[in-house]
Amino acid sequence: MSVPYCTPEWLEAFEQAYKANPKFETNLKKLTATVYFKVLAEPAWGIDQDILFGAVLESGKLAGVAFISEENAKKTADFILSATPLEWKSILTKKTKFVTDFMLGKIKLDHGSKVGILSIAPHSNTLVEAMTQVELRFPDQMSDKEVEQYRQHMIEFRSRLNV
């Protein structure tokens with residue numbers, strides 16, 4: 001069963017899968033960081049406003065994963081990275097690599113140091129693998145009706161979560 005991208009259902013499935021698979025904690029034990037990913041607005045995908053989600057990792061342990069307001073993200077994040085939904089899809093479907101696309105400027109560093117992000121970059125493939133243990137369904141794979149339902153779901157949960 002696939003889970004819609006950039007929804008609370010996905011973050012919940014990601015968190016459960018991460019915690020159920022000890023290899024991620026082991027492989028990321030040198031990583032302590034709070035990283036948020038900004039998905040830029042793409043109305044054709046049902047994403048009417050930028051949205052941020054991210055994870056808090058403490059020595060590889062997943063301490064939390066959530067959507068967050070940009071204001072709160074700037075207060076707590078080590079890094080905020082932004083890209084288009086299509087760019088994030090390209091990374092999550094392993095068509096492109098985070099480090100390459102970051103160096104090419106397809107992913108922007110909105111908050112944090114470039115040296116710092118490059119120091120955690122070696123962990124990016126493991127993070128992508130962790131985030132994609134669940135099969136993702138992206139809005140460009142949905143019918144017009146499904147995109148509209150996705151849009152309504154996003155409006156509802158953003159309002160409820162205040163993000």
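**Helix 4 and the open sheet**

Helix 4 lies across strand 2 and strand 5 and runs at about 105° to strand 5. The model is predicted. Helix 4 spans residues 85-92, and 7 of its 8 residues are buried, so the helix is largely enclosed by the rest of the structure. The buried positions are Pro 85, Glu 87, Trp 88, Lys 89, Ser 90, Ile 91 and Leu 92. Their cover includes both helices and strands. Among the helices are helix 1 (8-20), helix 5 (98-103) and helix 7 (124-131). The strands include strand 2 (33-39), strand 5 (79-83) and strand 7 (136-137). Just after helix 4, Lys 94 takes a positive phi of about 65°.

Strands 2 and 5 also belong to an open sheet of 5 strands, ordered 4-3-2-5-6. Its pairing is mixed. Strand 4 (61-68) and strand 6 (108-111) stand at the edges. Each has a single partner strand, so one side of each is left without a neighbour in the sheet. From one strand to the next, the twist averages 25°. At one edge, strand 4 pairs with strand 3 (residues 51-58) in the antiparallel sense, over 7 bridges. Ala 55 stands opposite Val 65 of strand 4.

A further buried position is found in helix 8. This helix covers residues 144-161 and contains Arg 151. The relative accessible area of Arg 151 is 15%; the residue therefore counts as buried, the cut-off being under 20%. Beyond its neighbours within four places in sequence, Arg 151 is in contact with Pro 43, Gly 46 and Asp 48.

How values were computed:
Residues numbered from 1 in each chain as written. Predicted model: local features only at pLDDT ≥ 70, side-chain atom pairs only at ≥ 80, totals over all residues. Heavy atoms only, no water. Helix = DSSP H or I, 4+ residues; strand = E, 2+ residues; numbered from the N terminus. Buried < 20%, exposed > 50% of the residue type's maximum accessible area, 1.4 Å probe, protein only. Contact = heavy atoms within 4.5 Å. Pairing = 2+ DSSP bridges. Axes fitted to C-alpha atoms, helices over the stretch in contact; angles between N-to-C directions.
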